[in-house]
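Dear colleague,

I am handing over the structure we spoke about, and below it I have set out what was found. Please read the notes with the coordinates open beside them.

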Amino acid sequence: MSETDGARKRLVVKIGSATLTTSESSIDYGFLRDLADQVARVRAAGWDVVVVTSAAIACGLEALGIAKRPTDMPSLQAAASVGQSALSTAYAEAFGARDMLTSVVLLTRRDTADRTAYLHARDTLNRLLELSVVPIVNENDTVSVEQIRFGDNDTLAALVACLIDADLMVILSDIDGLYTANPQIDPAATLIPVVDRVGREILAAAGGAVSGVGSGGMITKIKAARVLMAAGIPMVIAQGRRAGCIVDAAAGESVGTLFTAPGRPHEITAKKLWIALGDSVHGTIMVDEGARDALVERGKSLLSVGVRAVSGDFGLDDIVDVADEAGHVFARGRAAAASDLLKLACGRSREEVASNAILSILADRPVIHRDELVLFE
C-alpha cells in the first residue's frame, strides 16, 4: 500500500541468529545492509517497522575476539553486555545510511510479567513509531538467565506484535517455512504454504521440523503463531536470505508459510494478550470434553467439576495452560486457585466440592474466568 491509501500499517520483523550470523561469533554485516534496504522500502510503502533481533552474544564474542562460544553463564552474559552495544551500533550504522533512526529496547520476561510494565512497554513502542523511529528490540541477555539461549526470540517477537497491534509479523529463519516433517531427515517432506489452524497435526509437524542454529526451533515459532492468530495478526515464516522476502511478504506474496488470521473468533483484549504472552506458564490444567466444549463453543468460564488433572505447581493468579484429555493445549488463562487446591478437587462433583470445608470456595467460583482466558482455536 502507499501512504495515500490510508493509515499506516505495522510490521514486526524477527531475525533469528542463524540468519544474522555467519558463525556463532560473527555478524553478517552484508545481511544487515540488505535488511536496512528492505525496511526502507516497506516504510516507503506505508509500513511502520519494529525489528526483533537476536545475536547480541555472537556480536560480543566477535568484539572480544573469542572464536568458540563459552558454556559458563557469566561469560555468556559478559559477551551479551559487550555485544549489545556493538549490535546496536551495527544496526544504527546500517539503517542510518538509509536515513532511518533506530532505538534500542531491551526486555526481559520479568518486564512483561508485570502488567503495568507491560503497558509502559506498549506505550514506549507506540511513541517510537509515531516519531518514525525503527525500534530494535532484543531480550536483555545480560541479566536474563532463562532466556540466554542463542536465537530464541520468537515469543518476544509475538509479544511485541501484540503490544503494537501489528498487521503482520515476519520471522526470518534459516528454513523456508513449516514442512510436513523435518526436511533434513525426511526427503519426502513438503512445505506447508498456508496454515489456518494450529491443531495437533501442525504441532506434530513443528516438532519434527527444527531450524539449525537457533535453539528455539520450529515449535516456538508455531506457538507464537498460535497466539498471534488468536489476536488476529497473520504471521509468515520465511527463509531470511531469500531476496526481497520482507518486501514480498508485506505485499502479500507467498514467501514461505503463512499463518492466516482472517478475523478474531473470540474477544481478544489487551489483558488477554498479556495473559497469553506476558508471563511464563506455571502449569497445566487438563479438562474433560464437556468442559472443553463449554469453553470453546459456549464461551463459558472453567469450573472445578470439569478439571480432570493438574500438573505443575502454581499459585493464585499464575498463568496456566488448559489442555484436553489427549494433552492438546487449546487455551491459556490466569488461575483463580492454586494447584494444590485444584488437585484435591479433581474428579469431585459440585455437591462434593460445596460440602467440603477446604474446597467449598471452588463451588461457585470459576477456576479460570472467561475474561482471563485466551482460546487458541
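Helix H9 is mostly covered, with 12 of its 14 residues buried, and among the buried ones are Met 218, Thr 220, Lys 221, Ile 222 and Arg 226. Please keep in mind that this is a predicted model. The helix spans residues 217–230 and includes Gly 217, which counts as buried because its relative accessibility is 5%, while the cut-off for burial is under 20%. Just after H9, Gly 232 takes a positive phi of about 80 degrees.

Part of this helix also appears in the UniProt record, where an unreviewed entry carries a "binding site" annotation that covers, among others, Gly 217, Met 218, Ile 219, Thr 220 and Lys 221. The annotation also includes Ser 173 and Asp 174, and the side chains of these two residues are joined by a polar contact of 3.3 Å. Asp 174 lies in the loop between strand S7 (168–173) and strand S8 (194–195), and with a relative accessible area of 29% Asp 174 is partly exposed.

As for the interior, the largest nonpolar core has 58 residues, of which Val 12, Val 137, Leu 178, Ile 222 and Phe 259 touch the most other members. Helix H7 (residues 154–163) contributes the largest share of this core, namely eight residues. A second, separate core of 37 residues includes Val 39, Trp 47, Val 134 and Ile 246. Ile 222 thus links two parts of these notes, being listed among the buried residues of H9 and among the core members named above.

With best regards

Note on methods. Residues are numbered from 1 along each chain as its sequence is written. This is a predicted model: local features need pLDDT of at least 70, side-chain atom pairs count only at pLDDT 80 or more; totals for chains, interfaces and linings use all residues. Side-chain values use heavy atoms; hydrogens and water are left out. UniProt positions are given in the numbering used here, feature names are shortened, and annotations may be inferred rather than shown by experiment. Helices (H or I, at least four residues) and strands (E, at least two) are DSSP runs, numbered from the N terminus. Buried means under 20% relative accessible area, exposed over 50%, partly exposed in between (1.4 Å probe, protein chains only). A polar contact is a pair of N or O atoms within 3.5 Å; within protein, one must be able to donate a hydrogen and the other to accept it, and residues adjacent in sequence count only if both atoms are side-chain atoms. A nonpolar core is a set of buried Ala, Val, Leu, Ile, Met, Phe, Trp, Tyr and Cys residues joined through side-chain atoms within 4.5 Å.
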